[in-house]
Amino acid sequence: MRIEWTEDLALGIPEMDKQHQELIALINDFYNAVERGERDEGIRALFEGVDRYAVFHFSAEEAFLEQIGYPELAPHRETHAMFRREYLTAMERHEAGDRKAVRDLVAFLFSWLYTHIQKTDKRYSAFFHQQAG
Ligand SMILES: [Fe+2]
């Protein structure tokens with residue numbers, strides 16, 4: 001199972017769409033590495049790459065939402081924080097020797113991101129386009 005960025009994930013905000021595409025590409029690399037049984041060092045490097053980019057993207061997105069005066073910024077910020085906690089926990093489980101943790105993590109990443117973009121991010125996109133008239 002993997003996801004592709006398709007038009008149904010488009011927000012119509014070029015910078016955010018570009019970052020979502022990049023994040024999906026990084027998660028796909030992670031997924032492929034897990035599938036081909038990549039060694040721990042490789043998995044760790046990809047994990048860190050996804051984490052670093054996710055942190056960058058979330059803060060860019062939150063800055064954008066602040067800039068447009070998005071009223072639901074606080075709960076949106078909280079979903080990003082929850083995501084990251086969950087992500088780091090899965091990685092700790094992996095480091096502790098839980099082989100299933102990474103597979104669960106990748107499945108979680110895909111479903112979380114897809115739903116987050118489709119439901120939560122689309123709300124700010126609607127707000128933004130309404131404001132922009
Ligand atoms: Fe978001």
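Student: Why does F56 count as partly exposed?
Tutor: The model is predicted, and in it F56 has a relative accessibility of 42%. Buried needs under 20% and exposed needs over 50%, so 42% makes F56 partly exposed.

Student: Where is F56, and how far apart are F56 and A132 in space?
Tutor: F56 is in helix α2. From C-alpha to C-alpha, F56 and A132 are 25 Å apart, with their positions 76 residues apart in sequence.

Student: What is the confidence of the protein?
Tutor: Its mean pLDDT is 92, and 99% of the residues reach 70 or more. The scale runs from 0 to 100. Among the elements, α2 has the highest mean, 95, and α4 the lowest, 91. Where pLDDT is low, predicted coordinates should not be read in detail.

Student: How many helices and strands does the protein have?
Tutor: There are 4 helices and 0 strands. The order from the N terminus is α-α-α-α.

Student: What makes the protein as compact as a globular protein of that length?
Tutor: The radius of gyration is 15 Å, and the globule rule gives 14 Å for 133 residues. The two values are close, so the protein is as compact as a globular protein of that length. The C-alpha trace spans about 50 × 25 × 20 Å along its principal axes.

Student: What share of the contacts comes from residues 24 or more positions apart?
Tutor: Among contacts with a separation of 6 or more, 73% are between residues 24 or more positions apart.

Student: Which residues coordinate the iron ion?
Tutor: The donors are E61 (OE), H76 (NE2), H80 (NE2), H116 (NE2) and D121 (OD), at 1.9 to 2.4 Å. The cut-off for a donor of this metal is 2.8 Å, so these atoms count. Water is not among the atoms, so the site may look incomplete.

Student: How are the donor residues spaced in sequence?
Tutor: The spacing is E-x14-H-x3-H-x35-H-x4-D. E61 in helix α2 (residues 40–67) and D121 in helix α4 (residues 100–132) link distant parts of the chain, 60 residues apart.

Student: Are E61 and D121 buried or exposed?
Tutor: E61 has a relative accessible area of 0%, and D121 has a relative accessibility of 0%. The cut-off is under 20%, so E61 is buried and D121 is buried.

Student: How many aromatic pairs are there?
Tutor: The count is 12. One of them is Y31 and F110, an edge-to-face pair.

Student: Why is the pair of Y31 and F110 called edge-to-face?
Tutor: The ring centres are 5.6 Å apart, and the planes make 75 degrees. Centres within 6.5 Å make a pair, and planes over 60 degrees apart make it edge-to-face, so both tests are met. Y31 in helix α1 (residues 14–35) and F110 in helix α4 are 79 residues apart, and the pair links distant parts of the chain. With 15% for Y31 and 2% for F110, both values are under 20%, so Y31 is buried and F110 is buried.

Student: What makes the pair of F47 and Y87 stacked?
Tutor: The planes of F47 and Y87 are 15 degrees apart, with 4.6 Å from centre to centre. Stacked means under 30 degrees, so the pair is stacked. This pair, too, links distant parts of the chain: F47 is in helix α2 and Y87 in helix α3 (residues 73–95), 40 residues apart. Both residues are buried. F47 and Y87 belong to one aromatic cluster with F58, F83, F108 and W112.

Student: Which residues touch the most other members of the largest nonpolar core?
Tutor: They are F30, Y87, L105 and Y124, in a core of 38 residues. Helices α1, α2, α3 and α4 each give two or more residues to this core, and α4 gives the largest share, 10 residues. Contacts of F30 include I43, F47, Y87, L105 and L109.

Student: How do you know that S125 counts as buried?
Tutor: S125 has 9% relative accessibility, under the 20% cut-off, so S125 counts as buried. S125 lies in helix α4. Beyond residues up to four places away in sequence, S125 touches L11 and I13.

Terms used
Residues are numbered from 1 along each chain as its sequence is written. This is a predicted model: local features need pLDDT of at least 70, side-chain atom pairs count only at pLDDT 80 or more; totals for chains, interfaces and linings use all residues. Side-chain values use heavy atoms; hydrogens and water are left out. Donors are N, O and S atoms within 2.8 Å of the metal (3.2 Å for Na, K and Ca); water is not among the atoms, so sites may look incomplete. Buried means under 20% relative accessible area, exposed over 50%, partly exposed in between (1.4 Å probe, protein chains only). pLDDT is the predictor's confidence in each residue, from 0 to 100. Rings of Phe, Tyr and Trp (its six-membered ring) pair if their centres lie within 6.5 Å; planes under 30 degrees apart count as stacked, over 60 as edge-to-face and the rest as tilted. Contact means heavy atoms within 4.5 Å. A nonpolar core is a set of buried Ala, Val, Leu, Ile, Met, Phe, Trp, Tyr and Cys residues joined through side-chain atoms within 4.5 Å. The radius of gyration is taken over C-alpha atoms; the globule rule is 2.2 Å times the number of residues to the power 0.38.
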